[in-house]
Amino acid sequence: LSLSLSPSLCFRAPSSSFHMAPCSRTTAAFNDIEVSFADEAESCYVSSHVLGLSSPVFCAMLTSGMAEDQQRRIEISADLGTKQQFEQFYKFLLPWSGREQEVDETNVDGLLAFSNYYQIEGLKLVCEDFLLGWVKKHAPSAGRFIQADRCSLPRLRVCCLDHLASEPEMDLSELVAHPQLMWEVMHAMQTKMSAARQSLNQARKTSWDKIPERMKLDDGQSVDMFVRSQFDSVLKHFEIAR
């Protein structure tokens, strides 16, 4: 038994030049939820179907008889984001035009804040992928480390922690309000220093074994004693740092 599909039944994606003109009257009919924003006079209207299908939080909010469901209105706090950020976020949720959206430096923070709060894991993953590529070109800051922890982005978190622990001169002042994260960075620094100290000890021992005792510098100082003193000086700094 063989089955074949008629060419007319096979889905073909439209060409890149294809654009479906939106029907403003139909679109307005589906936009049945008002979204208002703290400290902003203007609100916007969106589809409850799009929100509910995209997010378990929106789904529960709009189908369980909660205030948002009864009033058909959602309030966005200033801590979460602005009207502009929400509108960018909503574009990613739309079933067709959402495919054309791209994450970039101008929208990633807003997208991450909304997708984390409303538990849209797929969009969070896209944001994390973008940021992982971004930190390869730009040094991750303490603020980015805090963001990775707050939004539960494990890969970005590890990347930021490793970088902060490797750069003692990095500004960590933002971590003062996050003592647990500060402790993690300090602990990672100590771990790296301990490993480096062990490597230096091994290098010092190897050097002593290979440098002839009679070899002298131009000033008459024994080469092996000079090398020992240099290693001891570096190791002393490690002891002080500990």
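**Exercise 1. Find which residues Phe-89 contacts, leaving aside its neighbours within four places in sequence. Then place Phe-89 in the nonpolar core.**

Solution.
- Step 1. Set aside the neighbours within four places in sequence; Phe-89 is then in contact with Phe-58, Leu-111, Phe-114, Ser-115, Ile-120 and Leu-123. The model used here is predicted.
- Step 2. Turn to the largest nonpolar core, which has 48 residues. Phe-89 is among the members that touch the most others, along with Ile-74, Phe-86 and Tyr-118.
- Step 3. Ask which helix gives the most to this core. Helix α7, residues 121-135, does, with 6 residues.

**Exercise 2. Describe the overall make-up of the protein.**

Solution.
- Step 1. Count the elements: 11 helices and 3 strands.
- Step 2. Read them along the sequence. The pattern is α-β-β-α-α-α-β-α-α-α-α-α-α-α.
- Step 3. Check burial. Of the 242 residues, 32% are buried.
- Step 4. Check the surface. The protein exposes about 16100 Å², and carbon and sulfur atoms supply 55% of that area.
- Step 5. Take the contacts between residues at least 6 apart in sequence. Of these, 56% join residues at least 24 apart.

**Exercise 3. Work out which face of strand β3 is covered and how β3 pairs with β1.**

Solution.
- Step 1. Locate β3 at residues 73-76.
- Step 2. Sort its residues by face. Ile-74 and Ile-76 form the covered face, while Arg-73 and Glu-75 form the uncovered one. Ile-74 also appeared in Exercise 1, as one of the core residues that touch the most other members.
- Step 3. Find the pairing. Strand β1, residues 33-37, runs parallel to β3, with 4 bridges between them.
- Step 4. Fix the register with one pair: Arg-73 in β3 has Glu-34 opposite.

**Exercise 4. Decide how many disulfides the model has, and explain why Cys-151 and Cys-159 form none.**

Solution.
- Step 1. Recall the bond. A disulfide covalently links the sulfur atoms of two cysteines.
- Step 2. Set the cut-off: the two sulfur atoms must lie within 2.5 Å.
- Step 3. Test Cys-151. The closest cysteine sulfur belongs to Cys-127, at 8.7 Å, so the gap is too far for a bond. Cys-151 is buried, at 3% relative accessible area.
- Step 4. Test Cys-159. The closest cysteine sulfur is that of Cys-160, 5.6 Å away, which is also too far for a bond. Cys-159 is partly exposed, with 30% relative accessible area.
- Step 5. State the count: 0 disulfides.

**Exercise 5. Classify Ser-47 as buried or exposed, and list the polar contacts of its side chain.**

Solution.
- Step 1. Locate Ser-47. Its place is the loop between β2 (44-46) and α2 (48-54).
- Step 2. Apply the cut-off. Buried means under 20% relative accessible area. Ser-47 has 5%, so it counts as buried.
- Step 3. Follow the side chain. One of its polar atoms lies 3.2 Å from the backbone nitrogen of His-49. The side chain of Ser-47 also reaches the backbone nitrogen of Val-50, at 3.3 Å.
- Step 4. Leave out residues up to four places away in sequence. Ser-47 then touches Phe-30, Asn-31, Asp-32 and Tyr-90.

**Exercise 6. Find which side chain makes a polar contact with that of Glu-184, and say how buried Glu-184 is.**

Solution.
- Step 1. Locate Glu-184 in helix α10, residues 179-210.
- Step 2. Read its accessibility. At 15% relative accessible area, Glu-184 is buried.
- Step 3. Name the partner. The side chain of Arg-157 joins that of Glu-184 in a polar contact of 2.8 Å.
- Step 4. Complete the surroundings. Not counting residues up to four places away in sequence, Glu-184 touches Phe-145, Arg-157 and Leu-161.

Conventions
Residues are numbered from 1 along each chain as its sequence is written. This is a predicted model: local features need pLDDT of at least 70, side-chain atom pairs count only at pLDDT 80 or more; totals for chains, interfaces and linings use all residues. Side-chain values use heavy atoms; hydrogens and water are left out. Buried means under 20% relative accessible area, exposed over 50%, partly exposed in between (1.4 Å probe, protein chains only). Helices (H or I, at least four residues) and strands (E, at least two) are DSSP runs, numbered from the N terminus. Two strands pair if DSSP finds at least two bridges between them. A nonpolar core is a set of buried Ala, Val, Leu, Ile, Met, Phe, Trp, Tyr and Cys residues joined through side-chain atoms within 4.5 Å. Contact means heavy atoms within 4.5 Å. Accessible areas come from the Shrake-Rupley method with a 1.4 Å probe; for residues, only the protein chains shown count as cover. A polar contact is a pair of N or O atoms within 3.5 Å; within protein, one must be able to donate a hydrogen and the other to accept it, and residues adjacent in sequence count only if both atoms are side-chain atoms.
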